[in-house]
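Trainee: I would like to go through this entry with you, one topic at a time. May I begin?

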Number of protein chains: 2
Amino acid sequence: MKDIDIVKYLAEKKALVDEALKNYFANTNSLFEIMHYSIDRGKRIRPILAIMSFDANGGEDMNIILPVACGLELIHTYSLIHDDLPSMDNDDFRRGKASAHKKFGEAMAILSGDGLFAYAFELFTQGNGLIQEKYSVIKSVSEAVGPKGIVFGQSLDINNEIDATPKSLRRIHVNKTAKFIAVSIKCGAIMARAPEHIIDKSYNAGLYMGILFQYTDDILDIIGEKKKLGKTPGKDVAFGKLTAPAIYGLEGAKFRAERYAELAKTGFSALGERFRILNQITDFILNRTF
Amino acid sequence: MKDIDIVKYLAEKKALVDEALKNYFANTNSLFEIMHYSIDRGKRIRPILAIMSFDANGGEDMNIILPVACGLELIHTYSLIHDDLPSMDNDDFRRGKASAHKKFGEAMAILSGDGLFAYAFELFTQGNGLIQEKYSVIKSVSEAVGPKGIVFGQSLDINNEIDATPKSLRRIHVNKTAKFIAVSIKCGAIMARAPEHIIDKSYNAGLYMGILFQYTDDILDIIGEKKKLGKTPGKDVAFGKLTAPAIYGLEGAKFRAERYAELAKTGFSALGERFRILNQITDFILNRTF
């Protein structure tokens, strides 16, 4: 099997996700309009990962995976909105435009995040999937994005008194980022009704991809360009955050990012030829500039 | 069938809920400790309503309803934490002690709310219930507490430019409060595997109880005592909020509260003798001083 054109693949799947999201935000109330502002213009990495994994596991009906994929994007967006708040990372710029609190004020930003979070779980109950699989998604996602996952990672991330050790760094990376990336891949496998051991192995490879993702995020905070990133670089350093370059230096972080990419690809390769696309996206993440 | 001792019943069920909550917050991480601070000392109205409805519908195994009941309390607590934030209602006092942001700072307050919200959905997947019923609970609750329910109601509630009309008031009351009260009752019926028409009718009667609940909340903001309430009265007036007394006057609001109590009780009475306890709690809410 040959490599496919990853840039084209990403653009196609992004268009699918954007179209589905548009439908989920049509004909609603004033709060939905505010929620939609922040949803607009994402890279859609997590929903695309879910779709990729669904594809790789032989899933065919897009109406099974799209509501789940969109729900993941809603949760990601909610976490960005709350992270950007003045009391958190205080970022005025996100996805190439004013962040939610800058545009609508803090109260509406908080509520629009809360709304996106709840609506994600509503979306997980939509579409052509079976109840058993939808339920598995809800169970897995709620664990990955809650106080044993993203929210815990974020609470460590804003704690300036945390030990500057490799162990603390890994704890932040795994909880803040990797579990969510991994569960996105897991959701694709669940909705394609993959066997249990495939679901578990794709989650484990996804954890490495997720750590890689956060490594590149930490690196781009130093060497990235604001215009490409659509957010403000240099914030980690300004806030004295515990990042991969802070622990390992910039070159050390780059070296380790490559190692995590290898670990992820070894994991996906073991699942068979159809998972080659996940190796390609791993390389794409390793080399990303945005 | 005679009336039961409602005060005793409430105390017993509250103890059950408190005990279950304690277990859900044992042996966890630093974020859970902060989440637990706000969980402590609630009236547990929503979980008790779920248990009452479970009882009334013939449910017996407490390990079916308790995880759901606790999840509802987590969502209620998350909404209180976010409502109390400086950018929202700016309340320093809640459940008889410093509110979360006063105790832990805004960032940790926001995150502890987010954590409680996510953890609630994890709890909905716990316990002895069947997947079909757990899934129904998740679907119903996500709709009631999201951007077509609580979060929408809250967004209207903080909007000072809203029309001071009975219609706007009802929209706030239904979304901010009534849907969540109603869905708590609905969850008890779902987990007891009640027939569809009973589930629907108990939800509808629950909506009236929920409106009643918000009427008494609005009234207690004027006539209640801080010590009994465990929160600061007079905030609605200070913030120029659209409340029942603002539209109908204090006596008008009291009169209408009685009407909503009657509507709720008519609804529950139609479901049979076993639902009498729900009439009793309706009267309890009507007459509450805290």
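Trainee: Which residue of chain B comes closest to the rotation axis?

Mentor: Please keep in mind that this is a predicted model. Of the residues of chain B, B:Y135 comes closest to the rotation axis, with its C-alpha at 3.1 Å.

Trainee: What turn and shift lay chain B on chain A?

Mentor: A turn of 180° with a shift of 0.0 Å along the axis does so, and the RMSD is 0.0 Å. That is the relation of a two-fold axis.

Trainee: How many residues does each chain bring to the contact?

Mentor: Chain B gives 37 residues and chain A gives 37 residues. On the side of chain B that touches chain A, the elements giving two or more residues are helix 2, helix 6, helix 7 (131–145) and helix 8 (150–157) of chain B. Helix 6 of chain B has the largest share, with twelve residues.

Trainee: And how do the residues on that side of chain B divide into nonpolar, polar and charged?

Mentor: The side of chain B that touches chain A has 21 nonpolar, ten polar and six charged residues. The copies meet through the same surface, because 100% of the interface residues of chain B are also interface residues in chain A.

Trainee: Let me change topic to helix 1 of chain B. Which of its residues are buried?

Mentor: They are B:K13, B:V17, B:A20, B:L21 and B:Y24. These residues cover an arc of only 100° around the axis, which puts them on the same side of helix 1 of chain B. As background, an α-helix has 3.6 residues a turn, so residues three or four places apart point the same way.

Trainee: Which exposed residues does the face turned away from the buried side carry?

Mentor: That face of helix 1 of chain B carries B:V7, B:K8, B:A11, B:A15, B:E19 and B:N23. On the buried side, the cover includes helix 2 (30–39), helix 3 (45–56), helix 4 (62–84) and helix 6 (106–124) of chain B.

Trainee: What distance does helix 1 of chain B reach from its first C-alpha to its last?

Mentor: Helix 1 of chain B, residues 6–24, reaches 27 Å over its 19 residues, close to the 27 Å expected at 1.5 Å a residue.

Trainee: Now helix 3 of chain B. How many of its residues are buried?

Mentor: Twelve of the twelve residues of helix 3 of chain B are buried. Among them are B:R46 and B:D55, along with B:I48, B:L49 and B:A50. The buried residues pack against helix 1, helix 4, helix 9 (166–191), helix 10 (196–223) and helix 14 (276–286) of chain B. Just after helix 3 of chain B, B:G58 takes a positive phi of about 85°.

Trainee: Which residues touch the most other members of the largest nonpolar core?

Mentor: Of its 188 residues, A:A50, A:L212, B:A50 and B:L212 do. Setting aside neighbours within four places in sequence, B:L212 is in contact with B:A257, B:Y260, B:A261, B:A264, B:T282, B:I285 and B:L286.

Trainee: One last residue, B:S168. Why does it count as partly exposed?

Mentor: B:S168 counts as partly exposed because it has 15 C-beta neighbours inside 10 Å, whereas a buried residue needs 20 or more. B:S168 lies in helix 9 of chain B. Not counting residues up to four places away in sequence, B:S168 touches B:I162, B:D163 and B:L242.

Technical notes:
Residues numbered from 1 in each chain as written. Chains lettered and ligands numbered in written order. Predicted model: local features only at pLDDT ≥ 70, side-chain atom pairs only at ≥ 80, totals over all residues. Helix = DSSP H or I, 4+ residues; strand = E, 2+ residues; numbered from the N terminus. Expected span 1.5 Å × (residues − 1). Arc of directions from axis to C-beta. Contact = placed C-beta atoms within 7 Å. Nonpolar A, V, L, I, M, F, W, Y, C, P; charged D, E, K, R; others polar. Least-squares fit on C-alpha atoms with pLDDT ≥ 70 in both. Core = buried A, V, L, I, M, F, W, Y, C linked by C-beta atoms within 7 Å.
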